[in-house]
Amino acid sequence: FLQALSVVMRWMLFVLTACLPTAANDVCIDNAQGWIPRHSVAGYYVIVFHKDSATIHRSLDWRVELDVRPNTLRDVEAQIVQRIGLANPERYKRLEPLARRQSSGRTVFGFFRAATVPKRMHSEDPCEGRVLAFEGGQFVWPGI
């Protein structure tokens, strides 16, 4: 119980401090509602979908703009692999053929809708809003 309480308290502290004024300009950082970490976390990405484009974030000051908006989660995964690279390429190389054999839309990454409680996305889900991507396939909150 105490361990679970400790995890919840750390998460609350992170959420409360995710949008504080910065010393440099005293403006609130738009942190995609607290999901984008201040420092890069290996294997974790936040994708923000716009009308005709998308932005892939690794931290508040590290992002890649996509001119063409990906339509499927597999397209998003391919963009991350091609344009950014992987934290664990050996793991991806082993799992990618298995994912392709299991299902036409299956991905190696785990994709979650960024909401109050993140919800796993499936290949047929629309790519919109804010999406969290984890190379390992499982939701592991980097703030904890």
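## A walk through the structure, starting from one contact

Let's begin with a pair of side chains: those of Glu65 and Thr55 make a polar contact, at 2.9 Å. Keep in mind as you look that this is a predicted model. The two partners sit on strands, with Glu65 in strand S3, which covers residues 62-66, and Thr55 in strand S2, which covers residues 54-59.

Is Thr55 buried or exposed? Its relative accessible area is 3%, so Thr55 counts as buried, the cut-off being under 20%. Glu65 is another story: its relative accessibility is 42%, and it counts as partly exposed because that value falls between 20% and 50%. So this polar contact links a buried residue with a partly exposed one.

Now look at who else is around. If you skip the neighbours within four places in sequence, Thr55 is in contact with Val46, Ile47, Val48, His50, Arg63, Val64 and Glu65. Do the same for Glu65, leaving out residues up to four places away, and you find that it touches Ala54, Thr55 and Arg83. Take Arg83 from that list: Glu65 and Arg83 are 18 residues apart in sequence, and their C-alpha atoms are 10.0 Å apart in space.

Time to step back and see the whole protein. How many helices and strands are there? You can count three helices and six strands, and along the sequence they follow the pattern α-β-β-β-α-α-β-β-β. The protein has 144 residues, and 35% of them are buried. Its accessible surface comes to about 8900 Å², with carbon and sulfur atoms holding 56% of that. There's also plenty to say about how the chain meets itself: among contacts with a separation of 6 or more, 44% are between residues 24 or more positions apart.

Next, the empty spaces. Rolling a probe the size of a water molecule over the atoms shows where empty space is left. The largest pocket has a volume of about 340 Å³. It is lined by 21 residues, and the closest to its centre are Arg106, Thr107, Val108, Phe109 and Arg120. Which element gives the most to this lining? That is helix H3, with five residues. H3 spans 89-102, and both this helix and strand S4 (110-113) supply at least two residues each. Sorted by class, the lining of the largest pocket has eight nonpolar, 10 polar and three charged residues.

Let's zoom in on one of those central residues, Thr107. You'll find Thr107 in the loop between H3 and S4. With a relative accessible area of 14%, Thr107 is buried, because this is under the 20% cut-off. A polar atom of the Thr107 side chain lies 2.9 Å from the backbone oxygen of Phe109. Not counting residues up to four places away in sequence, Thr107 touches Leu73, Arg74, Glu77 and Ala99. Pick Glu77 from that group: Thr107 and Glu77 are 30 residues apart along the chain, with their C-alpha atoms separated by 7.3 Å.

Move along into strand S4 and you come to Gly110. Its relative accessible area is 0%, so Gly110 is buried. Beyond its neighbours within four places in sequence, Gly110 is in contact with Arg120, Leu132, Ala133, Phe134 and Gly137. Here's another pair to find in the model: Gly110 and Leu73 are 37 residues apart in sequence, and 9.5 Å separates them in space, C-alpha to C-alpha.

One more stop: the second largest pocket, with a volume of about 160 Å³. Its lining has 13 residues, and the closest to its centre are Ala42, Gly43, Tyr44, Glu135 and Gly136. By class, that lining is made of eight nonpolar, three polar and two charged residues.

Where does Gly43 lie? It is in the loop between helix H1 (2-17) and strand S1 (44-49). Gly43 is buried, with a relative accessible area of 10%. Setting aside residues up to four places away in sequence, Gly43 touches Ala87, Ala133, Phe134 and Glu135. The pairing with Ala87 shows how the chain can bring together residues from separate parts of the sequence: Gly43 and Ala87 are 44 residues apart, yet C-alpha to C-alpha they are 5.3 Å apart in space.

Methods. Residues are numbered from 1 along each chain as its sequence is written. This is a predicted model: local features need pLDDT of at least 70, side-chain atom pairs count only at pLDDT 80 or more; totals for chains, interfaces and linings use all residues. Side-chain values use heavy atoms; hydrogens and water are left out. Helices (H or I, at least four residues) and strands (E, at least two) are DSSP runs, numbered from the N terminus. Buried means under 20% relative accessible area, exposed over 50%, partly exposed in between (1.4 Å probe, protein chains only). Contact means heavy atoms within 4.5 Å. Accessible areas come from the Shrake-Rupley method with a 1.4 Å probe; for residues, only the protein chains shown count as cover. On a 1 Å grid over the protein atoms alone, a cavity is a set of points where a 1.4 Å probe fits but cannot get out, and a pocket is an open set with protein on both sides within 12 Å along at least five of seven lines; lining residues have an atom within 4 Å of a point. Grid points are joined across faces, edges and corners, and a volume is the space filled by probe spheres set on the points. Ala, Val, Leu, Ile, Met, Phe, Trp, Tyr, Cys and Pro count as nonpolar, Asp, Glu, Lys and Arg as charged, and the others, Gly among them, as polar. A polar contact is a pair of N or O atoms within 3.5 Å; within protein, one must be able to donate a hydrogen and the other to accept it, and residues adjacent in sequence count only if both atoms are side-chain atoms.
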